[in-house]
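User: I would like a close look at one part of this protein, worked through slowly and set in the context of what surrounds it. Please take the sequence and the model shown here as the starting point.

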Amino acid sequence: RGLFSSLCRRAPGPQTLIKPMQTLPLLDPKAAGIDVGSETLHVSVAGDLPKVFGTTTGQLHALRDWLAASGVASVAMEATGVYWLCAYEVLEHAGLQVLVVNGKHVKNLPGRKTDLKDCQWIATLHAHGLLRSGFVPPEHIRRLQDYLRLRGDHLTLAAGHVQKMQQALERLNVKLHDVLSDLTGVSGLKVVRAILQGERDPQRLLELCDAQIQKKKAEAVKESLRGTWKAEHLFALGQAVAGWEFYQQRIGECDEQIRRELRELAGPEDPQAPAPKATKTGGANAPKIAGLHGLLWRLCGGKDPTVLPGVADYTLLQLVGEVGTDLRAWPSEKHFTAWLGLAPGSKQSGKRKGSQKRARNRAGQWFCVIARSVGRSVDKALGGFYRRLKMRRGGLVANLALARKLAALFWRLMVHGMNYVEEGLKKYETRVAHTEQWLLQKLARKHGLVLMPKTT
């Protein structure tokens, strides 16, 4: 107070009046913040003294009742692992508005890191309207998402057992996996199971293979089946096959649950509006669900995103499991591609401007997978775009740019129902040639030159 008075006396005139700083408006005096942990939940209302709850079901219900008694209508919490999910579901069913925020956006000042202070800080930021919730799919999409992610884990574990099968065959000096493209195909599994049952004759093992393999790769297959047949490596091979078969059974069970969930979400089939026929299978890892294309078509409200290049039924199922079918949560395609991590973030400090990388989430990674497939096409305009950009900037930049284009097309189709029309590679290359000629003519005019067509 003394320093402030002396400054006012020394500076005469109208500048002596110093206005107080405006404080942030309090938008919600009953906003709550939760610091989520595996065993405890620290809760504060508008930054007041926190209260600690457990994470058991009874404690979560006690938290719900306490928030309702306190008049809380909106709660903010960090997305901490999987620990926030149970609390989120309980509070969501209670009718509260729940914001799940990025932990990087609610960091407290240095030297003040405790769970009690964290929940007070989150509640304070939320009360002033300084927090923005991340995207959380609806409950029915979260159920489908859980089944799909569990199935993906089984696929990863099954692939590990395929590698163990290849390792055991290498120790047996059996090179079957070098001759056949897929060891877990029909022919490969027949040969491996016959080996485990005691068959050693290469000719008899060859007869178990497909007719095309016997016709084109007979000698190579017979030569690859001359092994050492040590007992310990045969045992390892049997263990790997048993593990692979175990996870194939789990994958089949997941497919059945996904089918039931899709039938419930898609609703009854309308006989007067037949679904379009599927044209893309989706690969060997696609779920074995009869009528999958029709189920997805009804779930998407009569929209068919599989018309986009590279989008098969399996890919669409994965995307729906991550983002749902209502993409109006993102106001524009730019918001959507930025959330996917396919667009760079802005970074400016003074006169320095640059771009900042964004981490791609699961949906963004799927669009990158689609882009790799489309980039290998020979008749698609988007494939021509990928190859043209790849020559100038490299494959990684081209893949990311093509993934962003595909994500924008997906958003337009799901939100506005816009139909995708493939213009073809030839038309795309013609348009690029016209653009290059226009640029050359513009550059020639700048330097006072005239372009003349080449005569032969």
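Which element gives the most residues to the lining of the second largest pocket? Please build the answer outward from that element.

Analyst: The model is a predicted one, and what follows should be read in that light. The element you ask about is α17, which gives 6 residues to the lining of the second largest pocket. This helix covers residues 395-416, and β7 (352-356) and α15 are the other elements that give two or more residues to that lining.

The pocket itself holds about 510 Å³ of space. Its lining consists of 18 residues, and those lying nearest the centre are K357, R360, L396, V397 and L400. By residue class, the lining divides into 8 nonpolar, 4 polar and 6 charged residues.

The helix α17 also has a part in the interior. The largest nonpolar core has 44 residues, and α17 supplies the largest share of this core, 10 residues. Among the members that touch the most other members are L402, L406 and F410, listed together with L262, L327, F336 and F367. Besides α17, the elements that each supply at least two residues of this core are α5, α11 (231-266), α12 (292-299), α13 (313-323), α14, α15 and α16 (381-393). Such a gathering can be set beside a general tendency: in soluble globular proteins, nonpolar side chains tend to be buried together.

One member of this core, F336, shows how the contacts are arranged around a single residue. Leaving out residues up to four places away in sequence, F336 touches V323, L327, W330, F367, A407, F410 and W411. A second, separate core has 29 residues, including A194, L205, L234 and A240.

The helix α13, one of the elements that supply this largest core, also holds Q318. With a relative accessibility of 9%, Q318 counts as buried, because buried means under 20%. Beyond residues up to four places away in sequence, Q318 touches L148 and W366.

From here it is useful to turn to the largest pocket, where about 1600 Å³ of space is found. This pocket is lined by 36 residues, and N102, G134, F135, W339 and N361 lie nearest its centre. The elements that give two or more residues to its lining are α3 (84-93), β5 (97-101), α5 (139-171), α14 (333-340) and α15 (362-375), and α5 gives the most, with 6 residues. Its lining divides into 16 nonpolar, 9 polar and 11 charged residues. The helix α15 thus gives two or more residues to the lining of the largest pocket, and α15 does likewise for the second largest pocket.

Two of the elements that line the largest pocket, α3 and β5, lead on to a strand, β4. Strand β4 (residues 74-78) joins β5 through 5 bridges, and the two run parallel; within this pairing, V75 has V98 as its bridge partner in β5. Strand β1 (residues 32-36) also pairs with β4 in the parallel sense, over 3 bridges, with V75 as the bridge partner of A32. The strand β4 is mostly covered, with 5 of its 5 residues buried. From β4, S74, A76 and E78 point one way, V75 and M77 point the other way, and all are buried. That arrangement is in keeping with a general rule, that in a regular strand the side chains alternate between the two faces of the sheet.

At one end of the numbering of this strand, E78 is buried with a relative accessible area of 17%. Leaving aside its neighbours within four places in sequence, E78 is in contact with I34, D35, V36, W84, V101, G103, V106 and I122. On the helix α3, L91 is buried with a relative accessible area of 1%. Not counting residues up to four places away in sequence, L91 touches I34, R64, L67, V75, M77, L96 and V98, and V75 and M77 in that list are the two β4 residues that point the other way from S74, A76 and E78. The C-alpha atoms of L91 and R64 are separated by 6.2 Å, although the two residues are 27 residues apart along the chain.

To return to your question, then, α17 gives the most residues to the lining of the second largest pocket, and α17 also provides the largest share of the largest nonpolar core.

Definitions and conventions:
Residues are numbered from 1 along each chain as its sequence is written. This is a predicted model: local features need pLDDT of at least 70, side-chain atom pairs count only at pLDDT 80 or more; totals for chains, interfaces and linings use all residues. Side-chain values use heavy atoms; hydrogens and water are left out. On a 1 Å grid over the protein atoms alone, a cavity is a set of points where a 1.4 Å probe fits but cannot get out, and a pocket is an open set with protein on both sides within 12 Å along at least five of seven lines; lining residues have an atom within 4 Å of a point. Grid points are joined across faces, edges and corners, and a volume is the space filled by probe spheres set on the points. Helices (H or I, at least four residues) and strands (E, at least two) are DSSP runs, numbered from the N terminus. Ala, Val, Leu, Ile, Met, Phe, Trp, Tyr, Cys and Pro count as nonpolar, Asp, Glu, Lys and Arg as charged, and the others, Gly among them, as polar. A nonpolar core is a set of buried Ala, Val, Leu, Ile, Met, Phe, Trp, Tyr and Cys residues joined through side-chain atoms within 4.5 Å. Buried means under 20% relative accessible area, exposed over 50%, partly exposed in between (1.4 Å probe, protein chains only). Contact means heavy atoms within 4.5 Å. Two strands pair if DSSP finds at least two bridges between them.
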